[in-house]
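User: I would like to learn how to read pairings, contacts and burial from a set of coordinates. Please give the general idea each time, then the case at hand.

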Amino acid sequence: METQSLTQTGMVEVSGWDEDEVFFVERSELGWDKYAGKNVTLTRMLTEGSIIFVRPIQPMALHRANPIAYEAEFVRCSPEGNHQFRLNGVQPRPSRENYTVN
């Protein structure tokens with residue numbers, strides 16, 4: 001009986017602001033599996049809880065896919081010095097219109 005790998009990958013473009021507050025755009029491989037969720041490895045460090053934007057790269061597509069916002073959670077550094085992050089879904093924040101200002 002053949003066992004199928006639980007891990008899947010795909011190329012993505014990641015953008016946002018790094019820990020030095022410098023805007024970046026970087027290509028990475030998005031990995032995801034049933035247990036660990038989604039993750040990316042970047043060359044730069046991000047501030048814990050940073051919001052980053054991930055856009056699938058589809059070479060044969062006629063239109064570019066829209067980016068999806070995620071919260072980055074640092075997981076570990078690789079032996080090569082890259083930084084791995086788990087991607088957590090971002091919940092919409094309440095509108096400012098819901099608050100009164102005195």
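User: Start with strand pairing. Which residue stands opposite Phe74 in E6?

Analyst: In a sheet, one looks for the partner across from a residue on the neighbouring strand. In this predicted model, Phe74 has Phe85 of E6 opposite. The two strands concerned, E5 and E6, run antiparallel and are paired over seven bridges.

User: How many residues lie between the strands in the hairpin of E5 and E6, and which residue there takes a positive phi?

Analyst: For a hairpin, one reads the connection and then its backbone angles. Five residues separate the strands of the E5 and E6 hairpin, and Gly81 has a positive phi near 95 degrees.

User: In which sense do E3 and E6 pair, and over how many bridges?

Analyst: The sense is antiparallel, and E3 and E6 share five bridges. One facing position across this pairing is Asn39, which has Arg86 of E6 opposite. E6 therefore has E5 as a partner over seven bridges as well as E3 over five.

User: Next, aromatic rings. How many aromatic pairs does a search of the whole structure find?

Analyst: Two aromatic pairs turn up when the whole structure is searched. For each, one reads the centre distance and then the angle between the planes. Trp17 and Phe23 have ring centres 5.0 Å apart and planes at 65 degrees, an edge-to-face arrangement. Planes over 60 degrees apart count as edge-to-face, so the rings of Phe74 and Phe85, at 70 degrees and with 5.8 Å between centres, are an edge-to-face pair too.

User: Which parts does the pair of Phe74 and Phe85 tie together?

Analyst: Phe74 belongs to strand E5 and Phe85 to strand E6, so this pair joins parts 11 residues apart in sequence. Phe74 and Phe85 are also the residues that stand opposite each other in the strand pairing.

User: Are Phe74 and Phe85 buried or exposed?

Analyst: Burial is read from the relative accessible area: under 20% is buried, and over 50% is exposed. Phe85, at 1%, is buried, whereas Phe74, at 28%, is partly exposed. In the other pair, Trp17 is partly exposed at 47%, and Phe23 is partly exposed, also at 47%.

User: Now the salt bridges. How many are there by this rule?

Analyst: The count is four salt bridges. For each, one reads the N to O distance, then where the partners sit. One of them joins the side chains of Glu13 and Arg55, with 3.3 Å from N to O. Glu13 is in strand E1 and Arg55 in strand E4, so the link spans distant parts of the chain, 42 residues apart. Glu13 is buried at 19% relative accessibility, and Arg55 is buried at 10%.

User: Which residues are linked in a network of salt bridges?

Analyst: To find a network, look for a residue that takes part in several bridges. Here the network links Asp18, Glu26 and Arg44. Arg44 meets Asp18 with the closest N and O atoms 3.5 Å apart. Because Arg44 lies in the loop between E3 and E4 and Asp18 in the loop between E1 and E2, that pair ties together parts 26 residues apart in sequence. Arg44 also bridges Glu26, with the closest N and O atoms at 3.2 Å. Glu26 is in strand E2, 18 residues from Arg44.

User: Are the members of that network buried or exposed?

Analyst: Asp18 is buried at 9%, and Glu26 is buried at 10%. Arg44 is partly exposed, at 24%.

User: Turning to the nonpolar core, which members touch the most other members?

Analyst: In a core, one looks for the residues with many neighbours inside the set. The largest nonpolar core has 13 residues, and those touching the most other members are Val14, Val40, Leu42, Leu46, Ile52, Val54 and Leu87. Strands E1, E2, E3, E4, E5 and E6 each give two or more residues to this core.

User: What does Leu42 touch, leaving out residues up to four places away in sequence?

Analyst: Leu42 contacts Val14, Phe24, Glu26, Ser28, Asn82, His83 and Phe85. Among them, Glu26 belongs to the salt-bridge network, and Phe85 is a member of an aromatic pair.

User: Last, confidence. What is the mean pLDDT of the protein chain?

Analyst: The mean is 85, with 82% of residues at 70 or more. E1 has the lowest confidence, a mean of 91, and E5 the highest, at 95.

Definitions and conventions: Residues are numbered from 1 along each chain as its sequence is written. This is a predicted model: local features need pLDDT of at least 70, side-chain atom pairs count only at pLDDT 80 or more; totals for chains, interfaces and linings use all residues. Side-chain values use heavy atoms; hydrogens and water are left out. A nonpolar core is a set of buried Ala, Val, Leu, Ile, Met, Phe, Trp, Tyr and Cys residues joined through side-chain atoms within 4.5 Å. Buried means under 20% relative accessible area, exposed over 50%, partly exposed in between (1.4 Å probe, protein chains only). Helices (H or I, at least four residues) and strands (E, at least two) are DSSP runs, numbered from the N terminus. Contact means heavy atoms within 4.5 Å. Rings of Phe, Tyr and Trp (its six-membered ring) pair if their centres lie within 6.5 Å; planes under 30 degrees apart count as stacked, over 60 as edge-to-face and the rest as tilted. Two strands pair if DSSP finds at least two bridges between them. pLDDT is the predictor's confidence in each residue, from 0 to 100.
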